[in-house]
Amino acid sequence: MLNPVAWFHAPKINVICKEYEREESMLVNAHAIAERLVTKGKELFDAPVDIVQFTSDEEANRLLNNLNEYPHAFVLACVMDRQMKAELAWLIPYRFATKLGSFKFSTLESLTIQDIRVLMTEPAHLHRFPEKMSKVFFEAISTIRNRYGGNAAQIWANRPSSAKVVYEFLQFRGAGPKIATMAANILARELKVPFSDYFSIDISVDIHVRRVLGRLGLVNSEASIEEIIYRVRSLHPEFPGLMDFPAWEIGRNWCKPKQPLCKECYMRDLCHYTNNS
Ligand code: SF4
């Protein structure tokens, strides 16, 4: 005889089981996706030091890579990297250097806010928001002088923890977690500055990273920045930022907003979007 209680529960249990299985398989897939992104990230992290191509101008790149003589150039470029194309923002220290004939810290600290406004605006604007960013530039120089005795390399000296480096970048006017994390990530990953740990180097969520992680199925398309950061942390807590460059590169090269080039993408066998559309 049919047990009425079993009859009542059976369909629901089936649904719950199916849901559980689906969650389990998504989780397995998430770990496989994370592992592949981390492997790609590690390849870059372990690659020998090379001059980082921040811009298409070789002289500007030399200035930005020279952390021994001009550590402040890297810091100032980081704080300029807002609300405009990154490549143009990273050119700003070099544009100042060519106008001033020097990028020594002693030259920069002698500038008034008015000098900086002129350098930022004449003959052409160096930033989309020259007034606001002149203040940011001026105050960054003051922070480097007052907090680090004029030597910005103090920010990453003596194998600091990743949290300390991110915290130090947050001391600059206008630098939020995205810039601070990006700066720490570039120092560790590209410029090979040694840290004592990498726990606090998160993924920098931009439009490419958001689209790629959403399509891969790691986060939903409505996920907040915090959700994305914590999701990536949960998958690789010892160095979440390792997934940053691979995700960004996939977005830039293959995962186009309208017509993703899935056949060419190395994530296609694991990707939720391409396997469900
Ligand atoms: S397989 Fe396609 S949708 Fe998935 S990440 Fe790659 S390009 Fe984007």
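Here is a quick tour of this structure, from the overall fold to the ligand shell and a few odd residues.

Keep in mind that this is a predicted model. The protein has 13 helices and zero strands, so reading from the N terminus you meet one α element after another, with helices defined as DSSP runs. Of the 277 residues, 35% are buried. If you take the contacts with a separation of 6 or more, 63% of them join residues 24 or more positions apart.

**Around the ligand**

Which residues sit closest to the ligand? Cys255, Pro260, Cys262, Cys265 and Cys271 do, out of a shell of 15 residues. By class, that shell has twelve nonpolar residues, one polar and two charged. Cysteine and proline both count as nonpolar here, so those five closest names go with the nonpolar class. As for the helices, helix 10 (207–216) and helix 13 (272–275) each bring at least two residues to the shell. Helix 10 gives the most, with three.

**Helix 4 and its bend**

Helix 4 covers residues 86–100, which makes 15 residues. From its first C-alpha to its last it reaches 22 Å, close to the 21 Å expected at 1.5 Å a residue. There is a bend in it, though: about 35 degrees at Ile92, with a proline, Pro93, following within four residues. Both Ile92 and Pro93 are on the list of buried residues in this helix, along with Ala89, Trp90, Leu91, Tyr94 and Phe96.

What do those buried residues pack against? Their partners are helix 2 (58–65), helix 3 (71–80) and helix 6 (113–121). Right after helix 4 comes Gly101, and its phi is positive, near 80 degrees.

**Loops with unusual backbone angles**

Three loop residues are worth a look when you step through the backbone. Pro123 is in the loop between helix 6 and helix 7 (130–148), and the peptide bond leading into Pro123 from Glu122 is cis. Asn158 and Lys192 each have a positive phi without being glycine. Here are the three together:

| Residue | Loop | Backbone angle |
|---|---|---|
| Pro123 | helix 6 to helix 7 | omega near -5 degrees (bond from Glu122) |
| Asn158 | helix 7 to helix 8 (162–170) | phi near 65 degrees |
| Lys192 | helix 9 (177–189) to helix 10 | phi near 60 degrees |

Are Asn158 and Lys192 buried or exposed? Asn158 has 8 other C-beta atoms within 10 Å, and because 12 or fewer counts as exposed, Asn158 is exposed. Lys192 has 14 such atoms within 10 Å, so Lys192 lands between the two cut-offs and is partly exposed.

**Pro246, a buried proline in a helix**

Pro246 is found in helix 12, which runs over residues 244–253. Why does Pro246 count as buried? It has 22 other C-beta atoms within 10 Å, and the cut-off for buried is 20 or more. Some of its company comes from far back in the sequence: leaving out residues up to four places away, Pro246 touches Leu37, Lys40 and Gly41. Leu44 makes the point about sequence distance too, as Pro246 and Leu44 are 202 residues apart in sequence and 9.2 Å apart in space, C-alpha to C-alpha.

Terms used
Residues are numbered from 1 along each chain as its sequence is written. This is a predicted model: local features need pLDDT of at least 70, side-chain atom pairs count only at pLDDT 80 or more; totals for chains, interfaces and linings use all residues. A residue is near a molecule or strand if its C-beta atom, placed from the backbone, lies within 6 Å of it. The expected span of a helix is 1.5 Å times one less than its number of residues. The bend at a residue is the angle between axes fitted to the seven residues ending there and the seven starting there. Two residues are in contact if their C-beta atoms, placed from the backbone, lie within 7 Å.
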